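I opened this model to go through its contacts entry by entry. These are my notes from that session.

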Amino acid sequence: GGAPWGRYGGEGSSIGDFLTGRPGRRVCRRGHYCPPGSSTPTPCPRWTYSPTEANTNRRDCLLCPDGQYCATDGLIAPTGNCSSGHYCRRGNDEAAPRVGVTQEVAFNSLWQVHNTTTVLVGGDICPNGTYCPPGTVVPLQCPAGTYNPVMGGGTNSCLPCPAGYFCVEGSFEYASSPCPMGYYCPQGTRYAVEFPCANGTFSNK
């Protein structure tokens, strides 16, 4: 008969294969899966990986984890971290995805079709007002006192808020936030009333 679950090759029993010199049934190697009767292992598809042996079904292949990507078939580990300027949820096959993020339903068990969970898959370029170091899962807001006017920002993309303005967390511009009367705003001011003018002084901008 064919190979049992998690193995491939062979034509008869393990003892028969040994006695006759036939190629024996071999354990399905990592990065692959072997349904019953398999003559060769099937590689896990790109955007997945598998560090374990004896997989029996494609569902045994794991979605590439958050912050990483899996670029080729048959991987035993993720290819690496997603690129600076992008963020990655699960199941990415590119270092710099631009497909967006969607919710997908996954089966937790081959046998329990009603045992499901929702996962976020995909990734995209980091929006303005945020920054994304390599391996980012969720874009990080530019800290208060800084801003980032461009998409695809990396670690050092948030710029100091210029003097005369204030920049709250996640700012992508500063021109709409001039310093209010009665306050002054040096470079890096985080909110409108951070620096009140001292008694006996004033500011009209």
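The entries below run from the overall fold to single residues and pairs.

**Entry 1. Overall.** I am working with a predicted model. I looked up the secondary structure first and found one helix and 15 strands. The protein has 205 residues, of which 36% count as buried. I then took the surface: the accessible area comes to about 11,500 Å², and carbon and sulfur atoms hold 54% of that area. For contacts between residues at least 6 apart in sequence, I noted that 41% join residues at least 24 apart.

**Entry 2. Threonine 48.** I asked myself whether threonine 48 is buried or exposed. Its relative accessibility is 3%, so threonine 48 counts as buried, the limit being under 20%. I placed threonine 48 in strand β5. The side chain of threonine 48 reaches the backbone oxygen of proline 45, and I noted a distance of 2.5 Å. Setting aside neighbours within four places in sequence, I listed the contacts of threonine 48 as Cys61, Leu62, Leu63, Cys64, Cys70 and Leu75.

**Entry 3. Salt bridges.** How many salt bridges does the count give? I found three salt bridges.

I took arginine 46 and aspartate 93 to begin with; the closest N and O atoms of this salt bridge are 2.9 Å apart. Arginine 46 sits in the loop between β4 (42-43) and β5 (48-49), while aspartate 93 sits in the loop between β9 (86-88) and β10 (100-107), and the pair links distant parts of the chain, 47 residues apart. I noted arginine 46 as partly exposed at 42% relative accessibility. Aspartate 93 is also partly exposed, at 24%.

Next I looked at aspartate 66 and arginine 89, a salt bridge whose closest N and O atoms are 3.3 Å apart. Aspartate 66 is in the loop between β6 (62-63) and β7 (68-69) and arginine 89 is in the loop between β9 and β10, so this pair ties together parts 23 residues apart in sequence. I asked which state each partner has, buried or partly exposed. Aspartate 66 has a relative accessible area of 31% and is partly exposed. Arginine 89 has 18% relative accessibility, so I logged arginine 89 as buried.

I then turned to arginine 190 and glutamate 194, where the closest N and O atoms of the salt bridge are 2.8 Å apart. Arginine 190 counts as partly exposed at 40% relative accessibility. Glutamate 194 counts as buried, because its relative accessibility is 16%.

**Entry 4. Aromatic pairs.** I counted three aromatic pairs. Tyrosine 147 and tyrosine 174 form an edge-to-face pair, with 5.2 Å centre to centre and 70 degrees between the planes. Tyrosine 147 lies in strand β14 (residues 146-147) and tyrosine 174 in the segment after β15, so the pair ties together parts 27 residues apart in sequence. I noted tyrosine 147 as buried at 12% relative accessibility, and tyrosine 174 as partly exposed at 28%.

Why is the pair of tyrosine 184 and phenylalanine 195 called tilted? The ring centres are 5.5 Å apart and the planes stand at 35 degrees, so the pair is tilted: under 30 degrees would count as stacked and over 60 as edge-to-face. Tyrosine 184 and phenylalanine 195 are both in the segment after β15, 11 residues apart. I noted tyrosine 184 as partly exposed at 42% relative accessibility. Phenylalanine 195 is partly exposed at 26%.

I also checked for clusters: ring pairs link Tyr147, Tyr165 and Tyr174 into one.

**Entry 5. Proline 178.** I found proline 178 in the segment after β15. Proline 178 is partly exposed, with a relative accessible area of 47%. Not counting residues up to four places away in sequence, I found proline 178 touching Gly164, Tyr165 and Phe166. I also took the separation of the C-alpha atoms of proline 178 and cysteine 167, which is 9.2 Å for residues 11 apart along the chain.

**Entry 6. Surface patch.** Which residues form the nonpolar patch on the surface? I noted Val168, Tyr191 and Val193, which together have about 260 Å² of accessible area. Valine 168 lies in the segment after β15 (159-160). With a relative accessible area of 43%, valine 168 is partly exposed.

How values were computed: Residues numbered from 1 in each chain as written. Predicted model: local features only at pLDDT ≥ 70, side-chain atom pairs only at ≥ 80, totals over all residues. Heavy atoms only, no water. Patch = residues over 30% accessible without salt bridge, like charges linked within 9 Å, V, L, I, M, F, W, Y side chains within 5 Å. Areas by Shrake-Rupley, 256 points an atom, 1.4 Å probe, with all protein chains shown as cover. Salt bridge = Lys/Arg side-chain N within 4 Å of Asp/Glu carboxyl O. Helix = DSSP H or I, 4+ residues; strand = E, 2+ residues; numbered from the N terminus. Buried < 20%, exposed > 50% of the residue type's maximum accessible area, 1.4 Å probe, protein only. Polar contact = N/O pair within 3.5 Å; in protein donor to acceptor, adjacent residues only side chain to side chain. Contact = heavy atoms within 4.5 Å. Phe/Tyr/Trp six-rings, centres within 6.5 Å; stacked < 30°, edge-to-face > 60°.
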